[in-house]
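Subject: The structure you asked for

Hi there,

Here is the structure I promised to pass on. Have a look through it first, and then read on for my notes.

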Amino acid sequence: AVDIPCAAFRSWSNPRIEWKFQKGSSLVLFYYGGELTEPYRNRVQFSPTSIRFQSVTREDSGKYICEVVGDGSHIAKSEVNLIVQGEATPCPLPGLVPIPGLVIGAIPDPGLVP
């Protein structure tokens, strides 16, 4: 399993949480209106602070954007780049987690979290 954190989550009353997936110029709503969209519905678990993939493929590589909207004009956003490669290799970058047979990297963008 792979967890992608939502560093933007705040304990606002009734926050609206949206997840988007960006790969190249394509942007897809991943979690919206309280529901996971297809094809993620059967592969991903949602919590207010993260999403969890039961399994990942190279097609899941890309940028995951979490937006949290609170009452009024409160908004927070965080991004994580997920990298899925075919075989395990040593990787010197912080935030990368080696898994036998795969290299998975979830690298938060620290410039987006207030």
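A good place to begin is the set of aromatic side chains: F21, F30, Y40, F53 and Y64 come together as one aromatic cluster. Please keep in mind throughout that this is a predicted model.

Across the structure there are six aromatic pairs. One of them is made by F30 and Y64, which meet edge-to-face, with 5.7 Å from centre to centre and 90° between the planes. F30 belongs to strand β3 (residues 26–32) and Y64 to strand β7 (residues 62–69), so this pair ties together parts that lie 34 residues apart in sequence. Are these two rings buried or exposed? F30 is buried, with a relative accessible area of 0%. Y64 also counts as buried, since its relative accessibility is 0%.

Y64 has a second partner to look at. The ring centres of F53 and Y64 are 5.7 Å apart and the planes stand at 75°; because that angle is over 60 degrees, the pair is edge-to-face. Here, too, distant parts of the chain are linked: F53 sits in strand β6 (residues 50–53) and Y64 in strand β7, 11 residues apart. F53 is buried as well, at a relative accessible area of 0%.

F53 is worth selecting on its own. Leaving aside residues up to four places away in sequence, F53 touches A1, V2, I4, F30, Y40, R43, V44, D60 and Y64. Three of the names in that list, F30, Y40 and Y64, are also members of the aromatic cluster.

Now for the core. In soluble globular proteins, nonpolar side chains tend to be buried together. In this model the largest nonpolar core has 22 residues, and those with the most contacts inside it are I4, W19, F30, I51, F53 and Y64. Which elements give two or more residues to this core? They are β1, β2, β3, β6, β7 and β8 (75–85). Of these, β8 gives the most, with four residues.

Strand β6, where F53 sits, is also part of a sheet. Three strands make up this open sheet, in the order β1-β6-β5, with antiparallel pairing. Its edge strands are β1 and β5, each of which pairs on one side only. From one strand to the next, the twist averages 15°. β1 and β6 run antiparallel and are joined by four bridges; among the residues involved, P5 has S50 in β6 as its bridge partner.

Finally, two spots in the backbone that you may want to check by eye. The peptide bond between E38 and P39 is cis, with omega at about 0°. P39 is found in the loop between β4 (35–36) and β5 (44–47). The other spot is N14: its phi is near 50°, a positive value in a residue other than glycine. N14 lies in the loop that runs between β1 (2–5) and β2 (16–23). Is N14 buried or exposed? N14 is exposed, because its relative accessible area of 71% is over 50%.

Happy viewing, and do write back with any questions!

Best wishes

Terms used:
Residues numbered from 1 in each chain as written. Predicted model: local features only at pLDDT ≥ 70, side-chain atom pairs only at ≥ 80, totals over all residues. Heavy atoms only, no water. Buried < 20%, exposed > 50% of the residue type's maximum accessible area, 1.4 Å probe, protein only. Phe/Tyr/Trp six-rings, centres within 6.5 Å; stacked < 30°, edge-to-face > 60°. Core = buried A, V, L, I, M, F, W, Y, C linked by side-chain atoms within 4.5 Å. Contact = heavy atoms within 4.5 Å. Pairing = 2+ DSSP bridges. Axes fitted to C-alpha atoms, helices over the stretch in contact; angles between N-to-C directions.
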